[in-house]
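Hi everyone, thanks for making time this morning. I'd like to walk you through a structure, so please take a look at what's on the screen.

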Amino acid sequence: MWNAASMAETIKYGYLKDYGLNVLSHDVKVAWGELKRKRDAYIKRLNGIYAKNLEKAEVEVIRGDASFTAEGNVIVDKKHVYKAKHILIATGGRPTVPAFPGCEHCITSDGFFELEELPRKIIVAGAGYIAVELAGVLQELGSDVTLLIRRDKVLRSFDSAISSRATENLRQAGVNIMTTSRISSVSKDSSTGLLSVAVEQIGGDKVENIADVDKVLLAIGRSPNTEELNLPAVGVNTDNRGFIQADE
């Protein structure tokens with residue numbers, strides 16, 4: 001998806017001239033359904049390759065819900081017990097969805113990959129690299145994108161020069177960035193399916209309503225998949241967000 005957006009940008013802004021290539025039209029139209037179909041096929045092929053490599057390496061794959069027992073073993077689906085000298089926890093995470101009225105009408109980065117059509121108008125909430133990448137991709141492929149961030153810049157954990165330049169580049173690409181803002185509620189029109197989003201100013205009283213929105217994408221962070229592991233049984237501590245605490 002990023003490569004498609006990058007190529008669209010190259011054509012749209014005439015960058016091909018730097019390579020001696022003259023493009024007669026800078027009007028780029030994306031065939032979203034075709035792009036999604038080919039991307040899904042590519043991912044399916046990769047998954048098959050990884051599965052085959054595991055099989056060749058004689059790695060046994062066990063599918064199910066796992067947790068720890070008081071004896072320090074792993075039990076899968078509450079019936080199959082496995083023992084090992086060393087156990088590596090690598091359960092990954094999932095997109096965080098904040099609780100606000102209408103949050104069920106929103107999608108996450110997972111939902112982005114399930115979109116069957118390019119959203120005409122979309123709101124992206126978040127300032128991290130996932131939000132920034134998806135906002136940029138959607139804008140270059142033809143969506144009208146509004147990006148909601150809680151502070152004044154994106155990528156605040158990066159070097160300040162990178163953060164400032166990324167924020168500027170998004171604006172130059174046409175992304176509408178609303179700073180010190182967050183979603184307070186989302187409502188859905190039952191007849192059209194379009195969303196109405198109430199955006200509040202952090203630290204202020206101003207509330208702006210954005211109507212006729214196709215999708216709202218939440219990319220405010222990720223939560224660890226640790227709550228079902230029964231980590232206290234083996235003396236593994238987590239913080240209040242569920243992240244495993246380590247001494248290094």
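Let me start with a question: which residues are linked in a network of salt bridges? They are Lys 36, Arg 39, Asp 40 and Glu 116. Before I go on, please keep in mind that what you see is a predicted model.

Now, the overall layout. The protein chain is divided into domain 1, covering 1-82, and domain 2, covering 95-222. Their C-alpha centres lie 23 Å apart. Where the two domains meet, domain 1 puts 15 residues into the contact and domain 2 puts in 14 residues.

On to the inside. The largest nonpolar core has 29 residues. If you want to find its best-connected members, look for Phe 112, Val 124, Leu 147, Val 154 and Leu 217, which have the most contacts inside this core. Several elements give two or more residues to the core: helix H1 (2-12), strand E6 (121-125), helix H4 (129-141), E7 and H5. Of these, H4 gives the most, with seven residues. And where does this core sit relative to the two domains? Domain 1 and domain 2 both give residues to the core, so it lies between them. As background, nonpolar side chains in soluble globular proteins tend to be buried together.

Let's zoom in on one of those residues, Val 124. Leaving aside residues up to four places away in sequence, Val 124 touches Ala 131, Ala 135, Val 145, Thr 146, Leu 147, Leu 148 and Leu 217. There is also a second, separate core of 15 residues, and among its members are Phe 100, Leu 148, Val 197 and Val 213. Leu 148 is worth a second look on your screens: it touches Val 124, and it is included in that second core.

Next, the aromatics. How many aromatic pairs turn up in a search of the whole structure? The search finds three. One of them is Trp 32 with Phe 112, an edge-to-face pair at 6.1 Å centre to centre with 85° between the planes. Trp 32 belongs to helix H2 and Phe 112 to helix H3 (residues 109-112), so this pair ties together parts that are 80 residues apart in sequence. Phe 112 also pairs with Phe 113: the ring centres are 5.1 Å apart and the planes are at 80°, so this pair is edge-to-face. Together, Trp 32, Phe 112 and Phe 113 form one aromatic cluster.

Are the members of that cluster buried or exposed? Trp 32 and Phe 112 are both buried, with Phe 112 having a relative accessible area of 1%. Phe 113, on the other hand, is partly exposed, at 39% relative accessibility.

Back to charges. The total count is nine salt bridges, and I'll pick out three. First up is Lys 12 with Glu 140, whose closest N and O atoms are 3.2 Å apart. Lys 12 is in helix H1 and Glu 140 is in helix H4, so the pair ties together parts that are 128 residues apart in sequence. Lys 12 is partly exposed, with a relative accessible area of 28%, while Glu 140 is buried, at 8%.

Then there is Arg 182 with Glu 200, where the closest N and O atoms are 2.7 Å apart. This pair also links distant parts of the chain, with Arg 182 in strand E9 (residues 181-188) and Glu 200 in strand E10 (residues 195-201), 18 residues apart. Both partners are partly exposed: Arg 182 has a relative accessible area of 33%, and Glu 200 has 24%.

My last salt bridge is a local one, Glu 34 with Arg 37, at 2.8 Å between the closest N and O atoms. Both residues lie in helix H2 (residues 32-56), three residues apart, which is about one turn of the helix. Glu 34 is partly exposed, at 35% relative accessibility.

One more stop: Asp 159. You'll find Asp 159 in the loop between strand E7 (144-148) and helix H5 (160-172). What does its side chain reach? The side chain of Asp 159 reaches the backbone nitrogen of Ala 161, at 2.9 Å. Asp 159 counts as partly exposed, at 48% relative accessibility.

That's my tour, and I'm happy to rotate the view for anyone who wants another look.

Technical notes. Residues numbered from 1 in each chain as written. Predicted model: local features only at pLDDT ≥ 70, side-chain atom pairs only at ≥ 80, totals over all residues. Heavy atoms only, no water. Helix = DSSP H or I, 4+ residues; strand = E, 2+ residues; numbered from the N terminus. Buried < 20%, exposed > 50% of the residue type's maximum accessible area, 1.4 Å probe, protein only. Polar contact = N/O pair within 3.5 Å; in protein donor to acceptor, adjacent residues only side chain to side chain. Core = buried A, V, L, I, M, F, W, Y, C linked by side-chain atoms within 4.5 Å. Domains from an automatic or database assignment. Contact = heavy atoms within 4.5 Å. Salt bridge = Lys/Arg side-chain N within 4 Å of Asp/Glu carboxyl O. Phe/Tyr/Trp six-rings, centres within 6.5 Å; stacked < 30°, edge-to-face > 60°.
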